[in-house]
Amino acid sequence: MQSFRDLNCWKKARVFRNLMFELSKSFPVEEKYRLVDQLVRSSRGITAAIAEGHGRYHYQENIQYCRVARGSLEETLDHLITALDCRYIAQEQMESYEKHYNTILALLNGYIAYLKKRKEN
């Protein structure tokens, strides 16, 4: 694996990040510096942490950055729940975003497990 761009967790997180950016455009203007900013930042944090961890070349550091990415993923989910509670998104949209969330979470957890095994060997 040559680049973080080859990682499935990064690829799926990139799609999710772009979905969050597009979604944020539909929010009310008064949310521009509140929920919109938080949603965009947290979703960007997922891919950024995966990329940074990959560039560290040490398994333990990479694992730690993947945990940071997982935290940003959780934060993004919380912002989506806020958007649902504020009625900025419908339940059906939320369910679609949760599918992306679950996929990314599973891929991240799998990558972390892989890195842990590599570290042990």
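Select the buried residues of helix 1 in this predicted model, and display what surrounds them: they pack against helix 2 (32–54), helix 3 (59–85) and helix 4 (91–120). The residues to pick are Cys 9, Trp 10, Ala 13, Phe 16, Met 20, Leu 23 and Ser 24, each of them buried. Looking down the axis, you will find that they cover an arc of only 135°, which puts them on the same side of helix 1. The background to this pattern is that an α-helix has 3.6 residues a turn, so residues three or four places apart point the same way. Helix 1 itself runs over residues 8–24, and its 17 residues reach 24 Å from the first C-alpha to the last, close to the 24 Å expected at 1.5 Å a residue.

Next, select helix 2 and helix 3 together, whose axes lie 8 Å apart and pack at an angle of about 160°; the two helices are therefore roughly antiparallel to each other, and their crossing is left-handed. To see where they meet, show side chains including Leu 35, Leu 39, Ile 46 and Ile 50 from helix 2, and, among their counterparts in helix 3, Tyr 65, Val 68, Leu 73 and Leu 80.

Then move to the loop between helix 2 and helix 3, where Tyr 57 is found. Its phi is near 65°, a positive value in a residue other than glycine, and at 74% relative accessibility Tyr 57 counts as exposed.

Finish in the loop between helix 3 and helix 4 by selecting Arg 87, which has a positive phi of about 65° although it is not a glycine. Arg 87 is exposed, with a relative accessible area of 74%.

Key. Residues are numbered from 1 along each chain as its sequence is written. This is a predicted model: local features need pLDDT of at least 70, side-chain atom pairs count only at pLDDT 80 or more; totals for chains, interfaces and linings use all residues. Side-chain values use heavy atoms; hydrogens and water are left out. Helices (H or I, at least four residues) and strands (E, at least two) are DSSP runs, numbered from the N terminus. The expected span of a helix is 1.5 Å times one less than its number of residues. Buried means under 20% relative accessible area, exposed over 50%, partly exposed in between (1.4 Å probe, protein chains only). The arc is that of the directions from the helix axis to the C-beta atoms. Contact means heavy atoms within 4.5 Å. Axes are lines fitted to C-alpha atoms, for helices over the stretch in contact, and angles run from 0 to 180 degrees between N-to-C directions. Angles under 35 degrees count as roughly parallel, over 145 as roughly antiparallel, 65 to 115 as roughly perpendicular and the rest as oblique. A crossing is left-handed if the near helix is turned anticlockwise from the far one by less than a right angle, and right-handed if clockwise.
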